[in-house]
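Me: I'm new to this one and keep tripping over the labels. Can I ask you where they come from?

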Amino acid sequence: MFRHIYVIKTSDKEDEKQSIYTFDNQEAAIADMHNLHGIALKNENLQATFGLVINEKGKEIERLAASIPDSNN
């Protein structure tokens with residue numbers, strides 16, 4: 001079993017969104033992570049996004065992250 005842990009923060013919402021998705025195989029988990037990461041990068045209100053795929057033992061398989069500097073901070 002593999003888990004995709006996903007976090008996104010946008011400027012149009014106060015709270016960040018956190019999600020955990022479960023997959024039977026590594027390829028599906030990584031594909032989901034890349035898909036959600038790509039969707040997040042298209043969001044004009046994106047502040048930060050983070051995706052992590054781990055196996056059933058908690059070992060990191062792959063991760064993606066992006067953040068947009070806030071000119072007001």
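Me: What stands opposite Lys 9 in E3?

Reply: That's Ala 48. Keep in mind that this is a predicted model, with every value computed from it.

Me: And what makes E1 and E3 count as paired strands?

Reply: Pairing takes at least two bridges, and nine join E1 to E3 (residues 46-55), so the pair qualifies. The two run antiparallel. Another of the partnerships puts Ile 5 with Leu 52 in E3.

Me: How do you know that E1 pairs with E2 as well?

Reply: By the cut-off of at least two bridges again: seven bridges join E1 to E2 (residues 17-23), so these strands pair too. They run antiparallel, and His 4 has Tyr 21 as its bridge partner in E2. A hairpin of six residues makes the link from E1 to E2.

Me: Why is Lys 13 called exposed?

Reply: Exposed means over 50% relative accessible area. Lys 13 comes in at 53%, so it gets the label. You'll find Lys 13 in the loop between E1 and E2. Its C-alpha atom is 9.1 Å from that of Asn 45, although 32 residues separate the two along the chain.

Me: What makes E3 largely enclosed?

Reply: Count its buried residues, meaning those under 20% relative accessible area. Seven of the 10 residues in E3 are buried, so the rest of the structure largely encloses this strand. For the chain as a whole, buried residues make up 30% of 73.

Me: Which strand pairs with E3 through seven bridges and has Glu 62 opposite Val 53?

Reply: E4 (residues 60-67) has the seven bridges to E3, again antiparallel, and Glu 62 of E4 stands opposite Val 53. In their hairpin, four residues lie between the strands, and Gly 58 takes a positive phi near 85°.

Me: How do you know that the side chains of E1 alternate?

Reply: Look at which way they point along residues 2-10. Phe 2, His 4, Tyr 6, Ile 8 and Thr 10 point to one face and are buried. Arg 3, Ile 5, Val 7 and Lys 9 point to the other and are not buried.

Me: Why is the group with Phe 2 and Ala 29 called a nonpolar core?

Reply: The name needs buried residues of nonpolar kinds, joined through side-chain atoms within 4.5 Å. Phe 2, Phe 23, Ala 29, Ile 30, Met 33, Val 53 and Leu 64 form such a set, so these seven make a core, the largest one. Helix H1 (residues 26-41) gives the most to this core, with three residues. Apart from it lies another core, of five residues, including Tyr 6, Ile 8, Ala 40 and Leu 46. In soluble globular proteins, nonpolar side chains tend to be buried together.

Me: What does Ala 29 touch, leaving out residues up to four places away in sequence?

Reply: Phe 2, His 4, Phe 23 and Val 53.

Me: How much space lies in the largest pocket, and what lines it?

Reply: About 180 Å³. There are 14 lining residues, with Tyr 6, Ile 8, Thr 10, Lys 17 and Asn 43 the closest to the centre. E1 gives the most to the lining, with four residues. By kind, the lining divides into six nonpolar, two polar and six charged residues.

Me: Last one: in what order do the elements run?

Reply: From the N terminus on, β-β-α-β-β, which comes to one helix and four strands.

How values were computed. Residues are numbered from 1 along each chain as its sequence is written. This is a predicted model: local features need pLDDT of at least 70, side-chain atom pairs count only at pLDDT 80 or more; totals for chains, interfaces and linings use all residues. Side-chain values use heavy atoms; hydrogens and water are left out. Buried means under 20% relative accessible area, exposed over 50%, partly exposed in between (1.4 Å probe, protein chains only). Contact means heavy atoms within 4.5 Å. On a 1 Å grid over the protein atoms alone, a cavity is a set of points where a 1.4 Å probe fits but cannot get out, and a pocket is an open set with protein on both sides within 12 Å along at least five of seven lines; lining residues have an atom within 4 Å of a point. Grid points are joined across faces, edges and corners, and a volume is the space filled by probe spheres set on the points. Ala, Val, Leu, Ile, Met, Phe, Trp, Tyr, Cys and Pro count as nonpolar, Asp, Glu, Lys and Arg as charged, and the others, Gly among them, as polar.
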